[in-house]
Every structure is written in structure tokens, then in C-alpha cells.
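Got your viewer open? Let's take a walk, one selection after another.

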Amino acid sequence: MAIRVTKKCFLLSTLAVLVVAAVLTVTLVLVLRDDEEISETYQFSASPIAVRLEEQPDHRYVLTIHRGDDELQKITFDHDFTDDSDIETFPKGMRLYGNGHNVEIRELEDSAGFAYVGISRTLRKGQLGSDLLHLQGTYGPDQAPLHWYGGPEQMEQYYPVEQLRFDDYAYITKELHSAAIMERYWLSTAGVFVYVDKEVPLFIDQDERVLRLTAKKELPYYTYDDEFVFSYRIGVAADAREAHQRAIERVLNQPVDIPDERMVRHPIWSTWVRYRRPISQQTVLDFAREINAYGFKNAQLDVDDLWEVCYGSLTFNTITFPNVTEMTETLREMGFRVTLWVHPFINKNCDPWYTEALSKGYLVKSHNETIGYNTKWWNSGENQASYINFNNPDAVEWYRRRLRELQDLGIDNFKFDAGETSWAPEDPEIEGTKALLPSSQTVNFVRMCAAFGSMIEVRTGWGTQDLPVFVRMLDFDTRWGWNNGLRSLVPTLLQMNLNGYPFVLPDMIGGNVYNDDILTKELFIRWLQASVFMPSIQFSKTPWDIDEESVTISKKFTELHETYADYIIQRMRLAVSHGIPVNPPLWWLDPTDKTAQTINDEYLLGEDIVVAPVLTEFAVSRDIYLPKGMWRDGNTGRLVEGSKWLYNYTAPMDTLPYFVSATFQAN
């Protein structure tokens, strides 16, 4: 229900007051607007949550969310509503209007443990809506500091995410900054989540104080309609874990099934880092023989870049691959499945395939005639490629048919690269619901990929958490540290899980060895250890490229991963049935644990294993925080009580610190 706190006043002349008083003998109480601002409070009936809307002296309004006397969140509507603004109430909410804006705050759901609010307005082209989500603050009886999770995938994936910085950042999937996962979702330790609807042309700014959510009709969004919505939803629960579970049910989806189990149990092997481009049939066969000779198992062998006649042909080069069917049959006899690296581009020199796609309207075209069909990706020159239009069903079928022809040669499945929206020409002229452009390109590409089954991998997503496929991290650099190096691995894992993508495929062990990067033995081993309790392991550089000791250590840890594969699969099934992350952050076990809320170099597998990899060069020990519970040291068998730090835990290069719940029962 709505509770009126003050009312908007009006001025009457002294004479008018005297006349009314004389005739009606009514006493009027005048409340001058200049002395008091307007405010309104909406109290949920079942939940102890109240939403208060209050005018500020500068005619902006602040929305605060309260649980009793505790302020959980503050949002500022950054618009001058001017003197003529007002608030009106209705049965399930209230409406703020003034100076061209009409903001509706509506109860969406109310239960004893959850309050759900929708905030929306319709704007006209040329207007913008800009709301400030305040990131700083304290909450709860002990005034715990506020922390945030979710947001976009980033190359420097800090955690918690209030450490990130953005400036007029268009919220679409993009290769820049490795922003391949762009869910419009933020979660706070106070038990509040915010989700911006997909139809909103969203830009964000962020500093240490606020996250600004701005809706405006500008590129890269579709700009040719006159009206647009600015709408988002706020959920409030008892704590962050409960709030996230509610968000999974209402806005983030959950997977309908799990990916291929063999990809969990055994390593994926890729030709990419070891051989670069081009590759050959003989190279692939030799690689498989080496893997077997050194006694390693496999989920599959991925034939990476460059196997095509030309980029986009989806046709094997018969000089380098003279008999693909023979190759796949030989690999199958050796115990390998075969996947093939593919992408959504066609280079202009790749005929007759490019000409066919152009003539049939299968390529993305810009509204800007100067840009036309032109794009650039990492295997083309400037304006020397085009992007296939996956919003066009005929183009999808054309692409899909050519992939099936590759499967007729014995290719089991595919590694799908790229797919981010930003690869298309600016201002694309394509099919689909206008409010979802251009990001629907990513959705349609990923859903086309997923139609090939659970054995595939993709690297991008937007509202595609329901798909039973692995989503891999974008390419990591071969380095220590935060800047897309090993130190970013765990925060990226946590970010993807908390955006609803639990089937994470970490990048190749050791990274991609680009430019002047050097893959040392220590970095290789520590990278492998960090990945052991993630859903899958992927090799390209091999242990025997380093030395015999690396082979021995790598076998130890791939076998450790296989030992826990059944548990990983069990947790994957829980992600399907209950939406629970496979690799949650430490605070998942106790959302009130202020120390666990900021730990960004440890992670959980399910709720029974704490993993604390060594991520610092030359380190042979580390400090480890154990969450609440009784834990058995995975290396020594010693029982340790949690909710405390273990300082200077010894971890030489052949040791991965991990702890298993004392109550854990292996299946």
C-alpha cells in the first residue's frame, strides 16, 4: 500500500483565504513547497520492504529501499523534474511525473522473503533517461560495506565489480575488452539485484561511487523509431544468495540440460597455440599420436585456424587436407573425436562463397551506404570481410547446411568463435524486433550454434543461459597478473557463474602465447592447477613441450580433475534443476561473511570444495581464507575449522591447495 508523507501545497492569496474562511468556516493548513519537498513511501504487505521516493532540493528524486530502519539501496533519478513535478499513488505502486518524464514504480511481486519492483518510463527520441545506482554504503545491523557482482565480462575482470570503470559504454556484446557476456544484471551483498530489460538502449558509466544506467537512442542501437522504453527491475531478498536464486528464476534463465560429459571428464586438445596457422592433416594426426604416446586422455581434438580454402568457405583446403574422411576415421580409431574451428565471417576474396552470400542477401548491411557490408576481423584487412546475417533465417539455413556437409566427412562437431554484436557493420539494417537490435545478432548466432548439440563451445551470450553448451572464456594472454593474465582467471569464472553461465570452459592452459609472451614452466603448471576444479580443461601447448617433470605434474592434475568429474557433473545437473552455480564464490556458503565477500583468488566447486590456487609468480606459499564449516585438506588430510585465515600455506609448484568438506560423500 502507499502511504502519503507530505502533500503538494498550493498558494492562495490572503484575500482568498479570508473569503473561504468566512463562507465555509474551514481552517486551512498551508504547506509551502519551498519549505518541504514531496515524498511518498510504498510499503509491501507481505515483505518487510518499503520503497521511499523523495524529492531533493535540485528537483531530482531519490528512491531508497528499506528493510525496517536499514537502508539497502539508493537510486537517484538524474533528471530535473522542475517545480511542477508530483507523485501520485495507485493500488500497486506510485507514479512520478514532471518535465517530460513519467516514471512508474510498480510492485511486481510480494512475499514474506522477497519484494520485486518494476521501474519504467517511455521516452521519445531525443530524450534520455539516466538513473544512478549508488554503489557505496553500508547495510545490516553491523553496517557491513556494500559490494557488487555481475555486470559485463571484461579483460580486466575485477571482483567485486565496483572496482571497474566505464565511460558512456554501450552495453552490447563486443570483442573489445573481452566483453562477450553482457548480461544487464548486478547483485549486491545487501540482497538486492538490478536487471535492466533487454529492450532498453543501455549505456553505462561507472566510478567508485555510482553506476549510471542511461537509456538513449544512439548508435550502436536501432535509432529509427520515435519512442523507446527505459525499464528495469529490482529484487530484494534476505541476502545475496537468496536474491541471486530469485534472479535466476525470474530474469536470468537456467540451463535446460548439461553439456557433453566427456568434455568434463577428459581434456580438450586444440591445435591453435601449438601450431598457429596454417595447419595440415599430417599435423593433426601427429598431434594425436603424441597425446596418446604420452598417456593423456582426450575429450576431443580441435582442428583450429587455418584449414579452409579461404576464410568463410567452410571447405577444406585439399592441398593441406587431402583426405579428410581418412583423417577422421584414423583419429576415431585412435580414440579421438574431432571438432572444427569455425567463425561467422566471409572474406571478400573468398569466392564463389562471398559472391553467393552477397547476391542472396545473407550478409549484414549497414544503413550507412558508405559502410555497406564492410567489416574487419582478426583474419582480414580493413573492410575486407563481411558478417553473416544470423537474423535472416535463410542465411542461418545456408550456414547450417554447409556445416552439416562437413559433418558428413566425419567431423563430430564445432568450436564456434566470435559471434559478438560489435563485429557487424555499424548501424546494421537487419531483421528482428527493433528494440532488440543489434544484440539479437548474438542471440541468433548462439542459438544456431547450440542446435548442433551439447558437444559444441561458444564464447558469447546474451540471455542464452538456457543452452546446454560450454561457454569459453575469451583468449587470455600468457602472463601473470590482472591484465588478462592468470590473475583474471578466477574472477572471470565467478563473473560468468553469477551471470547465469555455469558451464564455463576456461581458456587454454598457459594462455595464447601472443606477441612477446613467454610461457614458463611455472606459469603453465599454476594455470593448470587453477583450472582443475573448473568444469573442463583445455590444452594446446603441451606438457612435453616443456619437460618431463611437467608431464608428470600435468598427469597428476588431469587425473585429479577426472577424479572429481562425477561431482562436477552432479553440480551441473543442480544448475539445471535449481539454477545453482557450478563454481560459486566463497560467500555462497555464508552470504553474511564480510571477508568471503571480497575474496577473488579462490573459488568453490559446488558447496563441498574450496580451491585456492597459487596465482603469483615465484610464490611457494599463500594465505587461504576458509569459509564456515569443517574442511579436510586435500593434500594432507588434516581437518581444519573454517571462518578463518590459514597463513603461509605451503604450496610448492607441484601442490594445489584445496579443501573438501568433512561431510562430503563421493558418489
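Before the first stop, one term: two strands pair if DSSP finds at least two bridges between them. Helices (H or I, at least four residues) and strands (E, at least two) are DSSP runs, numbered from the N terminus. You're looking at a predicted model, where local features need pLDDT of at least 70, side-chain atom pairs count only at pLDDT 80 or more, and totals for chains, interfaces and linings use all residues. Residues are numbered from 1 along each chain as its sequence is written, and side-chain values use heavy atoms, with hydrogens and water left out.

**Stop 1: strands S3, S4 and S5**

Select residues 49-55, which are strand S3, and then S4, residues 61-67. The two run antiparallel and are joined by 7 bridges. Find Glu55: across from Glu55, in S4, stands Tyr61. S3 and S4 make a hairpin with 5 residues between them, and in the turn His59 has a positive phi of about 70 degrees.

Now add S5, residues 70-77: another 7 bridges tie S4 to S5, again antiparallel. Here His66 sits opposite Glu71 in S5. This hairpin has 2 residues between its strands, and Gly68 takes a positive phi near 65 degrees.

Is S4 enclosed or open? Largely enclosed by the rest of the structure, because 6 of its 7 residues are buried. (Buried means under 20% relative accessible area, exposed over 50%, partly exposed in between, with a 1.4 Å probe and protein chains only.)

**Stop 2: Thr214**

Jump to Thr214, in strand S18 (residues 210-216). With a relative accessible area of 6%, Thr214 is buried. Its side chain makes a polar contact with the side chain of Ser130, at 3.2 Å. (A polar contact is a pair of N or O atoms within 3.5 Å; within protein, one must be able to donate a hydrogen and the other to accept it, and residues adjacent in sequence count only if both atoms are side-chain atoms.) Not counting residues up to four places away in sequence, Thr214 also touches others, including Leu128, Pro201 and Phe203. (Contact means heavy atoms within 4.5 Å.)

**Stop 3: helix H8**

Next, show Asp394 in helix H8. Buried or exposed? At 52% relative accessibility, Asp394 counts as exposed. At the start of H8, a side-chain oxygen of Asn392 comes to within 2.9 Å of the backbone nitrogen of Asp394.

Other H8 residues are buried, among them Trp398, Tyr399 and Leu403. The buried residues of H8 pack against S22 (338-342), S23 (345-347), helix H7 (353-359), S25 and H9.

**Stop 4: helix H9**

Follow that packing to H9, residues 440-450. Since 9 of its 11 residues are buried, H9 is largely enclosed by the rest of the structure. Phe445, Met448 and Cys449 are among the buried ones. The buried residues of H9 pack against S24 (385-387), H8 (393-407), S25 (413-416) and S26 (457-458).

**Stop 5: the nonpolar cores**

Finish with Phe416. Leaving aside neighbours within four places in sequence, Phe416 is in contact with residues including Tyr399, Leu403, Phe445 and Met448. Phe416 is also one of the residues with the most contacts inside the largest nonpolar core, which has 161 residues. (A nonpolar core is a set of buried Ala, Val, Leu, Ile, Met, Phe, Trp, Tyr and Cys residues joined through side-chain atoms within 4.5 Å.) A second, separate core has 55 residues, among them Leu123 and Ala190. In soluble globular proteins, nonpolar side chains tend to be buried together.
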